[in-house]
Amino acid sequence: MDRGTVAGSTAANTTQWVCRHAEASGVPIEPAEAKSIAVVAEECRERKNAVIAAAVRQGSCTVSTARAALSNADKVAPVIPTADRGEVLAWFLQLDPALGANGVQALTRKILATYATEALSAQDAKLEQVETLTWGTTATGMTRLVAELAPANAAVLKAAITAGSAPRPATADTEGGRSEAVRDERTPGKRRADALMELISAGAKVAAGVVAPVGSAATILLTMDLTSLTDGIGAATTPGGDVLDAGAARRAACDADLIPAVLGGPSQPLDVGRRERLVTKGLRAAVVIRDGGCTFPGCDRPPGFCEVHHVIPWWAGGETSLPNSAMLCCRHHQEVHRHGFMARVGPDGVTWDLTPGCMPGHTHAAA
């Protein structure tokens, strides 16, 4: 957009100008999207934002990511005096494009947690004061809930809902009298809604004194380095990518079932395995930290939908330990055992060899 274009038009502002031109092009857009385009367009006029302007022009950066980068650069630049604004914007553009605005937000929080812990804590405290929850009726008669939560409270809510929203296959009797698994036909959104209602129902019963509380509503897995744990600086990260300052992590311990994991060596979780047949809670936590979800090539299932697989099977002499564990979703866990696929587990994660029959002890009968 050239300087003076909007001023020379009959549009009241840049957002209106964008809406009119989008409609004229046959692709009308929502006002919120038009607002983002307008904000980025205005900002990209400035020479200091040339890096973002070039990325948007080349199509290597979306408008939402550009807006997040421009906004967060103002938070990051002051706390790192040795880096100019252009460098900070370049850091954001080096992120995986698939991460989008969420990746920019996460990197910003990690930088602030490292270089300006008090500022991040103060920022989150302000966010907690303006949290909101509203609802309204849609045209179809449904009720839509809209919540804006500070990072720490959002992490508790997401952990609780994710834990209860995994698919739940049922069993049904066939004509021959045998039982077989029936897949859960609910959509992901429906499963999350059901999980939320289960949490609310359980909490209401406790509040009413109908049942006694049996523990925390959510289990949150947080990774922190030793300095963050002992000095109260730096950040803690959830498997879902939420970044919490050290103070928020400590507060979460009062209200949630918190599993703190201290990283050792080259930022690797300590081996908490035991020579037992089943995976312990501590070992699963370490596997989640390292793998982050299903490790099968091309799969993006999160930890809540996954199981811990013995790379070298138990019956073939494999230990229940971190170096012999890999996270797999239910489907790919079955595929690995069915075909006898083998994996190599290293400090940086799991690499699969999809050559059938490589798993020690694998036979077609065992599959």
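Buried means under 20% relative accessible area, exposed over 50%, and partly exposed anything in between, using a 1.4 Å probe and protein chains only. Keep that handy for the tour.

What you have open is a predicted model, where local features need pLDDT of at least 70, side-chain atom pairs count only at pLDDT 80 or more, and totals for chains, interfaces and linings use all residues. Residues are numbered from 1 along each chain as its sequence is written, and side-chain values use heavy atoms, with hydrogens and water left out.

Start by selecting Phe296, which counts as buried because its relative accessibility is 11%.

Now add Trp352. The ring centres of Phe296 and Trp352 sit 6.3 Å apart with planes at 45 degrees, so this pair is tilted (rings of Phe, Tyr and Trp, the last by its six-membered ring, pair if their centres lie within 6.5 Å; planes under 30 degrees apart are stacked, over 60 edge-to-face, the rest tilted). Along the chain the two are 56 residues apart: Phe296 is in the loop between helix 12 and strand 10, Trp352 in strand 13 (residues 349–353). Helices (H or I, at least four residues) and strands (E, at least two) are DSSP runs, numbered from the N terminus. Trp352 is buried too, at 11% relative accessibility.

Next, select Phe341, another buried residue, with a relative accessible area of 9%.

Finally, show all three side chains together: ring pairs link Phe296, Phe341 and Trp352 into a cluster. A search of the whole structure finds two aromatic pairs.
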